[in-house]
Amino acid sequence: MKFFIDTADVKEIREAAAMGLVDGVTTNPSLVAKSGRKFRDVLLEICDIVKGPVSAEVVTLKHDEMMKEARELSALRPNIVVKIPLIPEGLKAVRTCAEEGIKTNVTLCFSATQALLAAKAGANYISPFVGRLDDISTDGMQLIGEIVQIYDNYDFKTEVLVASVRHPMHCQQAALMGAHVMTAPYSVLMQLSKHPLTDIGLSKFLEDWKKVPQ
Ligand code: G3P
């Protein structure tokens, strides 16, 4: 499974990349706003760090406007993937992007039928938001299982990119279900390495090492 980091904070990207955890990056307008930087500046710096796919989201709602943004974003760097919302105008833009060879990540997906439409439109990635479904007492990971099965049934090439990941169990279940990609915030990526028995074991080893004649 590929690991993307869900952030526009370049310090976090560098840290996670140093551990080999960054196959790609996903951003969204909220994350860019949180960085406090200009979109283009932060995007170019991310692309200097990461050679894998870097998702950058459009902020318009009509096909023609989205296509203008998509063409401008994709022209910045070859690894930029244009993130497009799952609305009818967005699906039209995904279709046009596919025809023009612009890579897309369809975002704000909350149902299996939405994911089916994104695949038919020619999306490279579909981003189901599991945490936000959990937030409204709906099983986000069940949706991942459904999309993986549907894509597999019809051999769709669209990759399932599990988004809105909030904790390690989302990651573990996504891997068990065969999702292609998971994008997680830096804090969750760090949680994945944690185990109390690792810390206890390490303390004991280092304590015992002091008894070894030097
Ligand atoms: O980047 C999209 C997604 O991962 C957002 O996550 O935690 O804001 O629901 P969250």
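These legends walk you through close-up views of the ligand and its pocket in a predicted model.

**View 1. The residues around the ligand.** Let's start with the ligand's neighbours: Asp-6, Asn-28, Lys-83, Phe-129, Arg-132, Ala-163, Ser-164 and Arg-166 surround the ligand. By residue type, this shell holds four charged, two polar and two nonpolar residues.

**View 2. Polar side chains facing ligand oxygens.** Here three side chains deserve a look. Arg-132 places a polar side-chain atom 2.6 Å from an oxygen atom of the ligand. For Asn-28, a polar side-chain atom lies 3.0 Å from a ligand oxygen. Arg-166 joins in as well, with a side-chain N or O atom 3.0 Å from an oxygen atom of the ligand. The ligand would expose 310 Å² if taken alone, and the protein buries 84% of that area.

**View 3. The pocket that holds the ligand.** Zoom out a little, and you will find the ligand sitting in the largest pocket. This pocket has a volume of about 500 Å³. Its lining is made up of 24 residues, and Asp-6, Asn-28, Ser-30, Leu-31 and Arg-132 are the closest to the pocket's centre. Asp-6, Asn-28 and Arg-132 may look familiar, as they also belong to the set surrounding the ligand.

**View 4. Where the pocket lining comes from.** Which element gives the most to the lining of the largest pocket? That is α2, which contributes five residues. The helix α2 spans 29-35, and at least two lining residues each come from α2, from the strand β5 (104-109) and from the helix α10 (186-191). Sorted by type, the lining has nine nonpolar, eight charged and seven polar residues.

Definitions and conventions
Residues are numbered from 1 along each chain as its sequence is written. This is a predicted model: local features need pLDDT of at least 70, side-chain atom pairs count only at pLDDT 80 or more; totals for chains, interfaces and linings use all residues. Side-chain values use heavy atoms; hydrogens and water are left out. A residue is near a molecule or strand if one of its heavy atoms lies within 4 Å of it. A polar contact is a pair of N or O atoms within 3.5 Å; within protein, one must be able to donate a hydrogen and the other to accept it, and residues adjacent in sequence count only if both atoms are side-chain atoms. Accessible areas come from the Shrake-Rupley method with a 1.4 Å probe; for residues, only the protein chains shown count as cover. On a 1 Å grid over the protein atoms alone, a cavity is a set of points where a 1.4 Å probe fits but cannot get out, and a pocket is an open set with protein on both sides within 12 Å along at least five of seven lines; lining residues have an atom within 4 Å of a point. A molecule sits in a cavity or pocket if more than half of its atoms lie within 2 Å of its grid points. Ala, Val, Leu, Ile, Met, Phe, Trp, Tyr, Cys and Pro count as nonpolar, Asp, Glu, Lys and Arg as charged, and the others, Gly among them, as polar. Grid points are joined across faces, edges and corners, and a volume is the space filled by probe spheres set on the points. Helices (H or I, at least four residues) and strands (E, at least two) are DSSP runs, numbered from the N terminus.
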